[in-house]
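Let's take a walk through this model together, one sheet at a time, and finish at the ligand. Keep the structure open beside you as you read.

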Amino acid sequence: MLILTPTGGQESQEEKIYDVLIIGGGPAAFTAGIYVARAMKEAIIIEKEAPGGQVAVSDVIDNFPGFIEIKGSELANRMMQHVQKFGVPIEFAEVTRLVKEDDLFVAHTADGRTFKGKTAIIATGATPRKLGVPGEDKFYGAGVSYCAVCDGHFFRDKVVAVVGGGDSAFTEALYLTGIVKKLYLIHRREGFRAQPIYVEALKKKPNVEFILNTIVREIRGDTKVNELLLYDRKQDIEFTLPVDGVFIYIGMLPAVEPFRELEGLEYDNQGFIIAPETTETKIPGLFVAGDVRSKELRQIATAVSDGAYAGTKAVEYLEELENAKSGGSS
Ligand code: NAP
């Protein structure tokens, strides 16, 4: 059950200045909230959709220590309850712009509100990358999906394809094998990015067939998906594959649009925000945590690590500000 802490009306939000604005509501954000609250500073989490981010829409998590096997939604819920136990409010709103005005960070939301903070933590995560082929948008919700846990049950005893060769494609394909009659794993080359443990597990499933060195050229159907047009790169041939649905897991795009106006933020060549392990950006008082940060390993464990750093560093920054104001030294 979701327990949400009310944060008061619009008027009080406009005037209030938080110590830390946390933008995003996944594991990095929740961890940051816990660290800030335990240091007796006031944080608010502003989340666009459902709390938990990617974790909430993952089937089973089995690589986060302490939880041998736990549903993603259950872990997300527990994390949220944990941060709420420390009194951190969660506000549901889409931050469309974050700017720095004088010494304050101001988050503008799609519903016309503003939230102000002395510091801010960007923890907006990433969203699924699209294939960009004909039919993908047309059949979204009618056979095209980016979330097996959300939509898998629509394909009971049906034939589906999963596109991609990373951890997401494999973990979600593993989930789907328990539901569907037949699953094709379509990947553009022969090697996989996915961890070998997942690759081996999927290879053992009797209802799975791998289609490698192959790309999707078109998603076709009438009112819903009924086939894919594929291109075998090795044999240089096009062919069609009858399917009832296609799940696309070809990586993530960082959710960075709201931060474009912040001068001094640096991005890597894939658009993720550059910051060291300490999560400090070149903008004083601004931190970046979780999947939206440029890094090698995107896991719940590394998101949580970022959140701990961001929360701690934000508190340190606030204390420096207070010391500077009072003329004291730390
Ligand atoms: P990913 O690791 O970046 O893998 C994306 C896959 O999609 C790659 O196999 C890539 O092929 C393929 N791809 C990319 N663009 C494509 C295109 N236009 N057409 C066809 N295929 C394309 O992304 P992810 O699987 O979403 O994982 C994201 C992060 O979350 C990773 O760090 C991952 O380890 C982590 N994660 C971890 C777990 C877990 O530990 N349980 C679960 C899920 C995700 P190439 O290999 O040829 O580039």
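Which residue in strand 16 is the bridge partner of E227? Bear in mind as you look that this is a predicted model. The partner of E227 is P242. The two residues belong to a pair of antiparallel strands, strand 15 (residues 225-232) and strand 16 (residues 237-242), joined by six bridges. Follow the pair along and you will also find D232 standing opposite I237 of strand 16. Four residues lie between the strands of this hairpin, and D236 takes a positive phi near 55°.

Now step back to see the sheet that holds this hairpin. It is an open sheet of three strands in the order 14-15-16, and the pairing is antiparallel. Strand 14 (214-221) and strand 16 stand at its edges with a single partner strand each, so one side of each has no neighbour in the sheet. From one strand to the next, the twist averages 25°. As a general reminder, strands of a sheet pair through backbone hydrogen bonds, in either a parallel or an antiparallel sense.

The parallel kind of pairing appears in another sheet. This one is open too, with five strands in the order 10-17-11-12-13 and parallel pairing. Its edge strands are strand 10 (144-145) and strand 13 (208-211), each of which pairs on one side only. Further in, strand 11 (residues 159-163) and strand 12 (residues 182-186) pair in the parallel sense over five bridges. To find your place in that pairing, look for V159, whose bridge partner in strand 12 is K182. Helix 6 (residues 167-177) packs on this sheet and touches strand 11, strand 12, strand 13 and strand 17 (245-248). The direction of helix 6 makes about 170° with that of strand 12.

Our last stop is the ligand. It is surrounded by 18 residues, and the closest are N63, D167, R189, R193 and Y198. By kind, the residues of the shell divide into six charged, eight polar and four nonpolar. Two of the closest residues reach the ligand with their side chains: a polar side-chain atom of N63 lies 2.7 Å from a ligand oxygen atom, and a polar side-chain atom of R189 lies 2.6 Å from an oxygen atom of the ligand. With R298 the backbone takes part, as one of its polar backbone atoms is 3.3 Å from an oxygen atom of the ligand. On its own the ligand has 920 Å² of accessible area, and the protein covers 78% of this.

How values were computed:
Residues are numbered from 1 along each chain as its sequence is written. This is a predicted model: local features need pLDDT of at least 70, side-chain atom pairs count only at pLDDT 80 or more; totals for chains, interfaces and linings use all residues. Side-chain values use heavy atoms; hydrogens and water are left out. Two strands pair if DSSP finds at least two bridges between them. Contact means heavy atoms within 4.5 Å. Axes are lines fitted to C-alpha atoms, for helices over the stretch in contact, and angles run from 0 to 180 degrees between N-to-C directions. A residue is near a molecule or strand if one of its heavy atoms lies within 4 Å of it. A polar contact is a pair of N or O atoms within 3.5 Å; within protein, one must be able to donate a hydrogen and the other to accept it, and residues adjacent in sequence count only if both atoms are side-chain atoms. Accessible areas come from the Shrake-Rupley method with a 1.4 Å probe; for residues, only the protein chains shown count as cover. Ala, Val, Leu, Ile, Met, Phe, Trp, Tyr, Cys and Pro count as nonpolar, Asp, Glu, Lys and Arg as charged, and the others, Gly among them, as polar.
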